[in-house]
Amino acid sequence: MTKLKFLPSLLAFFLCALPALGVHAQLQAQKKSAPKTHASVTAPSPALPLATLPLLPASAVREIDHIVALVNSEPITKNEVLLRQRRLEAQWRAQGLSVPSEQELFTSVREQLIDEHILQQLAKENGVRISDSQLSEVLRGIAQQNQLATIAELKARYEADGGNWSNYQDEIRNELARAQLREREVDARVRVSDSEVDQAMQQKNSADNATPDINLAQILIALPDDPSASQIAKAKQEADSVIAQLRGGADFAQIAAKVSQSSDKEKGGVMGLRSASRYPPLFVEATKSLKAGDISALQRSAAGFHILKLLERKAGSTAMVTQSHVRHILLPLTANLTEAQAKRQLTNYKSQIDAGSTDFATIAREHSTDGSAAQGGDLGWAVPGLFVPEFERVMNALPTGKISEPFTSRFGVHLLEVVERKQAPVSVHEQRELVRSQLREKKGAEAYAPWMADARGRAFVEYKNGYQ
């Protein structure tokens, strides 16, 4: 059975959490630095998005369980760590990454789970609540990402793959709560000045002028994880034979379709025209001195042996961006209107719109307090980075023509509709807003580390039994 992509790109809009690859990079960096005691652990990274990792049934972990840490008296068990650890290992192997030792990974995952428990407790203390409607909206989006029509179908497929649906819902709800806590406590306080944008734009323009677009084709002779000397020698011999055929005039596309072990073999190995920055550095370096039609020397990576052909090279293309035409209804929170009351009102308005008894523009003109109310809530065309993150995440995840469930931003409670989307060239103003958004995200990540370190410093963490 094909495994579902339970949180592919969708929840990236909702979560400000560290990808599993970040843990891999963190472990690799730790190997190069002096060892640290538990008491001197550096500022932890954001919590792992557990649901983005490959599905692994709990039955896959059959260890004698015990408590490995307490976070303000809340336990973390060995099997909880091991289940996360197995998921990470499965993902890294699938991506051709080296897997750290069992003990190293166990220690790192335990630290990540400690961070998650601290954040979850802080979210609860700060009144962060993820409603059933918010959870359902995310689950519907995940179903659509997996070409499933309903949440019920998603549930059936998840359980068929060995997962516990109730636990999965809790995981997503907890991740959303942690993300919302971060938005309130960290991201909302980040400011980016015009001078910072000016400087970043200058650097970006210099980099764009120096980075052409290239189109490469490849033939991959793959290697298994941890290959033996004989396996490496056999693969290199096959790759050398392929290069000899190509030097002798054989058609690259035909050879690629016949022997390559990459996902693009059916297209003759063609990977497509894109910015050189979007190709692996190994590929860019190997082809930088080639002319169109030339074939590179044999290249070795963790995936195997690569033979590359430069198909074309041209100056960087005009940047394109997805623009969204949106409208919304805003109810700000006041002493006389709580978040729960505002959401009930907006839910009632949404029901009226869905039933056809009124329309979005009419409700917006009559009830929205935003400056766009006179235009029926119409905010016009928006580029990424124009709105605050909590608004933009909902906007990006919402299908065209659909109305969101009520959701909360720093300005109040919203009802949002995406009218249409289009791809369009990025104007200078829009480029500045994109750069501003990227800087805001970068500064948010920088601000998060000391904030999380402070939160951890105020928590009581007690280590119990270790890896053994």
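**From a buried loop serine to the nonpolar cores**

Ser372 is found in the loop that runs between helix H12 and strand E8 (378–382), in a model that is predicted. Because its relative accessibility is 5%, and buried means under 20%, Ser372 counts as buried. Leaving aside residues up to four places away in sequence, Ser372 touches His328, Gly377, Asp378 and Leu379. The C-alpha atom of Ser372 is separated by 8.2 Å from that of Arg327, although the two residues are 45 apart along the chain.

Helix H12 itself, which spans residues 360–367, has Phe360, Ala361, Ile363 and Ala364 as its buried residues. Viewed down the axis of H12, these buried residues fall within an arc of 165 degrees, and therefore they line one face of the helix. The partners against which they pack are strand E7 (320–331), helix H11 (339–355) and strand E10 (412–425). At the N-terminal end of H12, Asp359 acts as a cap, with a side-chain oxygen 3.2 Å from the backbone nitrogen of Ala361.

Turning to the nonpolar cores, the largest has 39 residues, and those with the most contacts inside it are Ile76, Ile118, Leu139, Ile172 and Trp451. At least two residues of this core are supplied by each of strand E1 (67–71), helix H2 (78–94), helix H3 (102–125), helix H4 (132–145), helix H5 (151–160), helix H6 (165–185) and helix H14 (428–458), with the largest share, nine residues, coming from H3. Apart from this core lies another, of 15 residues, which includes Ala217, Leu246, Phe252 and Ile295. In soluble globular proteins, nonpolar side chains tend to be buried together.

Terms used:
Residues numbered from 1 in each chain as written. Predicted model: local features only at pLDDT ≥ 70, side-chain atom pairs only at ≥ 80, totals over all residues. Heavy atoms only, no water. Buried < 20%, exposed > 50% of the residue type's maximum accessible area, 1.4 Å probe, protein only. Helix = DSSP H or I, 4+ residues; strand = E, 2+ residues; numbered from the N terminus. Arc of directions from axis to C-beta. Contact = heavy atoms within 4.5 Å. Polar contact = N/O pair within 3.5 Å; in protein donor to acceptor, adjacent residues only side chain to side chain. Core = buried A, V, L, I, M, F, W, Y, C linked by side-chain atoms within 4.5 Å.
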